[in-house]
Amino acid sequence: MTRVSPNRVSDVTRVVGSHRWNAGRIARIVVMVVIAAAFLLPIIGFIALAFGSQENIESGTSGFLNLGGMSWENIVYSWNQITGFGPGNGGLFQQWMINSAIVSVGGAALALVAAIPAGYAFARLRFRFRKAFLMATLLAMVMPNTVLVIPIFLEVNAINAVGQLWPVAVIMGFYPFGVYLSYIHFMTTMPHELVEAARIDGLSELRTFFEIALPISKQAIALVAFFSFVANWTNFFLPLALLTSSQQNKTISIGIQELIGASPLFNATVAAGLDVKLYLPQLALATVISMVPLLAMFIGAQRFLVRGQTIGAVKG
Amino acid sequence: MTNHLLEERARTATPSDTSGAGPAARRRRSSWLRRDETLGAWVLLAPYTVLFLVAAAIPIGYAFVISLQRAPSLVNPTSGFGGFESFATVVGDYRFWSTFINIFTLMAIWLPIMIVGIVALALLIHASPGRFGGAMRFVYYIPGALGGIANFVLWVYLIDPVNSPIAFLWQGLGASTYKEVITPGNMPFILTAMLFFQGIGTWIVVVNGGLNGISDEVLEAARIDGANAWQLAWHVKLPLIRPWVGYAALMNLAYGFQLFLEPYLLRQISSGSVVAEWAPTQLGYAFAFTNRNFPAAAALSIILLLITLGIGLIIVTRSGLFGDEARTRTTRAQRKARRTA
């Protein structure tokens with residue numbers, strides 16, 4: 001949204017922030033560091049918890065933020081508990097991770113196929129209802145997506161597809177924020193002259209898109225893929241409404257909910273009937289593992305994110 | 001300014017353009033081109049249009065149709081047209097108003113804290129030069145990367161009255177079990193903490209984007225006038241980022257009406273000390289999955305949809321952040337001017 005290049009930003013901050021050490025500056029830095037600690041310490045404690053054991057925690061020997069109770073054996077034990085969950089020999093956790101990968105990748109692929117050409121059309125072509133459709137897209141983008149979940153459930157129920165993975169992936173493919181990202185991308189990087197020149201050269205509209213616009217849209221593709229993958233992976237309400245009825249077809253987000261529900265901490269009756277024991281360290285490990293794909297995506301997309309940050313910033 | 005000049009130029013140039021012999025042919029050619037362009041546009045839009053219909057338009061339309069049906073009952077298992085009966089059922093439900101009261105209570109506590117937090121941290125980062133500010137922005141962003149359920153499990157650990165690093169807080173409140181921490185009275189505060197922790201990072205980046213858009217000259221002028229860092233932030237930067245702050249407030253407001261995961265899961269770990277229908281979306285979920293009353297679930301969805309649609313309309317049309325139409329107009333005028341030149 002901003003028109004300022006990164007270099008210019010640092011110029012500005014250099015001009016503004018070039019104070020000497022004084023009370024105001026020290027106070028600012030102290031406040032910021034304290035807040036940063038308040039943000040980081042719980043996360044560090046949580047990750048350490050995933051390496052911990054229930055015995056250490058109960059006996060109070062895991063130390064500050066559980067940092068004293070970490071061991072590889074704990075991880076192995078917790079892993080066996082998590083993967084042992086489920087009928088027979090377990091294995092539901094892995095299945096849920098695979099399901100999440102299927103719907104997240106499928107949804108992101110659909111989002112790309114839909115969003116990149118749509119963003120180009122909105123940005124560079126003239127057609128009737130362009131403004132109205134763009135407006136509807138912006139509205140769909142700023143509206144929280146869970147308000148549509150019940151209507152979507154009714155629709156999927158009407159075609160008897162509740163409990164199957166494919167409707168979830170298709171619904172996730174609708175990603176108006178991706179269209180907006182692509183729209184802004186072509187608005188800012190592809191001059192109208194280029195489209196005109198292609199037309200004068202006799203290229204059809206489709207060839208102009210595929211041969212000129214698409215090759216310069218790497219940045220938009222990376223951003224749309226990243227943001228939609230993350231949104232799909234963390235989506236909770238949609239899989240809850242569509243997949244709860246089928247234990248094998250759950251995604252990891254609602255799978256973790258099932259693990260919480262099977263913990264002796266929260267449901268002694270259910271937990272008593274299980275071979276595995278899911279206390280907080282096990283739940284934390286399951287959660288940390290479920291975040292690994294997001295971390296991998298983040299590292300993979302990082303260089304695009306830094307450049308695209310100002311555009312990406314518009315969506316909450 | 002240039003925009004006006006170009007349009008002016010385009011307008012004045014047009015008459016001479018249509019007077020010659022060539023333009024008729026050119027017009028014919030350009031209308032053919034326009035048809036080609038429209039066709040191309042819709043081909044490119046086709047996948048998105050299909051998804052828009054499947055994931056938004058059709059479900060909304062279908063939900064509206066369902067909401068006008070009569071709920072099947074034991075006495076009369078057939079459903080049929082019931083007019084606005086379901087809407088009356090929903091609004092008359094004893095839980096309906098309490099879910100909204102819950103949401104408004106949460107908003108009253110969470111929104112001001114959230115907005116003040118976002119603005120304060122964004123201003124602090126903007127006042128911090130170089131690597132330190134960047135590092136802090138990254139740290140503040142990390143909790144936001146923990147999406148949905150991950151953030152929730154993290155909070156299961158934090159509200160654990162025995163082992164949490166802030167257990168002293170819960171013990172100070174006299175709680176020693178989850179059930180005693182998660183009480184109806186504590187719900188707005190726990191949710192505020194959860195939502196703040198998860199949401200603030202992204203919004204700092206948004207508002208920071210707004211701050212970075214403030215021109216160098218403005219800041220320099222204020223400094224030459226003798227403004228200190230505090231005055232600069234309060235009197236210069238804050239008024240200039242109002243659109244972003246308003247955007248953040250409205251988006252978070254809309255977000256509040258769709259809150260589901262947190263109260264739903266808090267209920268699950270509270271051993272029943274909070275109600276299952278704390279938020280409106282949970283009530284919709286209960287209508288659909290517990291009562292199997294689809295017309296009522298659909299009606300509640302339509303009500304929530306209208307509320308968030310209203311907020312969405314204000315965001316898109318009033319925030320001033322989606323004004324890219326202006327740029328299109330410039331380029332169109334430029335093109336027109338060039339063609340007629």
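**Figure 1. Asn160(A) in the loop between helix H7 (149-158) and helix H8 (165-173) of chain A.** In this predicted model, Asn160(A) has a phi near 55 degrees, a positive value in a residue other than glycine. Its relative accessibility is 64%, so Asn160(A) counts as exposed.

**Figure 2. Helix H6 of chain A and the loop before it.** Phe129(A) is found in the loop between helix H5 (92-124) and H6 of chain A. The phi of Phe129(A) is near 70 degrees, again a positive value in a residue other than glycine. Phe129(A) counts as exposed, at 56% relative accessibility. Helix H6 itself covers residues 130-142, 13 residues in total. From its first C-alpha to its last, H6 reaches 19 Å, close to the 18 Å expected at 1.5 Å a residue. Buried residues in H6(A) include Arg130(A), Phe133(A), Leu134(A) and Thr137(A), as well as Leu138(A), Leu139(A), Met141(A) and Val142(A).

**Figure 3. A nonpolar patch on the surface of chain A.** The patch is formed by Leu41(A), Ile44(A), Ile47(A), Phe51(A), Phe64(A), Leu67(A) and Met70(A). Together these residues have about 610 Å² of accessible area. One of them, Phe64(A), lies in the loop between helix H3 (54-59) and helix H4 (72-83) of chain A. Phe64(A) has a relative accessible area of 61% and is therefore exposed.

**Figure 4. Aromatic pairs in chain A, among the 41 found over all chains.** The ring centres of Phe209(A) and Phe210(A) are 5.0 Å apart; with planes at 70 degrees, the pair is edge-to-face. Phe209(A) is buried, its relative accessible area being 2%. In a second pair, the rings of Phe226(A) and Phe298(A) have centres 6.2 Å apart and planes at 50 degrees, so this pair is tilted. The pair links distant parts of the chain, with Phe226(A) in helix H12 (residues 218-234) and Phe298(A) in helix H16 (residues 280-312), 72 residues apart. Phe226(A) is buried at 8% relative accessible area, whereas Phe298(A) is partly exposed at 22%.

**Figure 5. A cluster of rings from chains A and B.** Ring pairs link Phe153(A), Phe236(A) and Phe237(A) with Phe260(B), Tyr264(B), Tyr285(B), Phe289(B) and Phe294(B).

**Figure 6. A salt bridge between the chains, one of eight over all chains.** The side chains of Glu37(B) and Arg126(A) meet at 2.6 Å, N to O. Glu37(B) belongs to helix H2 (residues 22-67) of chain B, and Arg126(A) to the loop between H5 and H6 of chain A. Both residues are buried.

**Figure 7. A salt bridge within helix H11 (residues 205-213) of chain A.** The closest N and O atoms of Glu211(A) and Arg207(A) are 3.0 Å apart. The two residues are four apart in the helix, about one turn. Glu211(A) is partly exposed at 45% relative accessibility, and Arg207(A) is partly exposed at 44%.

**Figure 8. A salt bridge within chain B, and a network that joins both chains.** Arg95(B) and Glu277(B) form a salt bridge with their closest N and O atoms 3.5 Å apart. Arg95(B) lies in the loop between helix H3 (85-92) and helix H4 (96-126), and Glu277(B) in the loop between helix H13 (261-269) and helix H14 (280-290), so the pair ties together parts 182 residues apart in sequence. Arg95(B) and Glu277(B) are both buried. Elsewhere, salt bridges that share partners join Arg126(A), Glu196(A), Arg199(A), Glu205(A) and Glu37(B) into one network.

Methods. Residues are numbered from 1 along each chain as its sequence is written. Chains are lettered from A and ligands numbered from 1 in the order in which they are written. This is a predicted model: local features need pLDDT of at least 70, side-chain atom pairs count only at pLDDT 80 or more; totals for chains, interfaces and linings use all residues. Side-chain values use heavy atoms; hydrogens and water are left out. The expected span of a helix is 1.5 Å times one less than its number of residues. Buried means under 20% relative accessible area, exposed over 50%, partly exposed in between (1.4 Å probe, protein chains only). Patches are made of residues with over 30% relative accessible area and no salt bridge: like charges are joined within 9 Å, nonpolar side chains (Val, Leu, Ile, Met, Phe, Trp, Tyr) within 5 Å. Accessible areas come from the Shrake-Rupley method with a 1.4 Å probe; for residues, only the protein chains shown count as cover. A salt bridge is a side-chain nitrogen of Lys or Arg within 4 Å of a carboxyl oxygen of Asp or Glu. Rings of Phe, Tyr and Trp (its six-membered ring) pair if their centres lie within 6.5 Å; planes under 30 degrees apart count as stacked, over 60 as edge-to-face and the rest as tilted.
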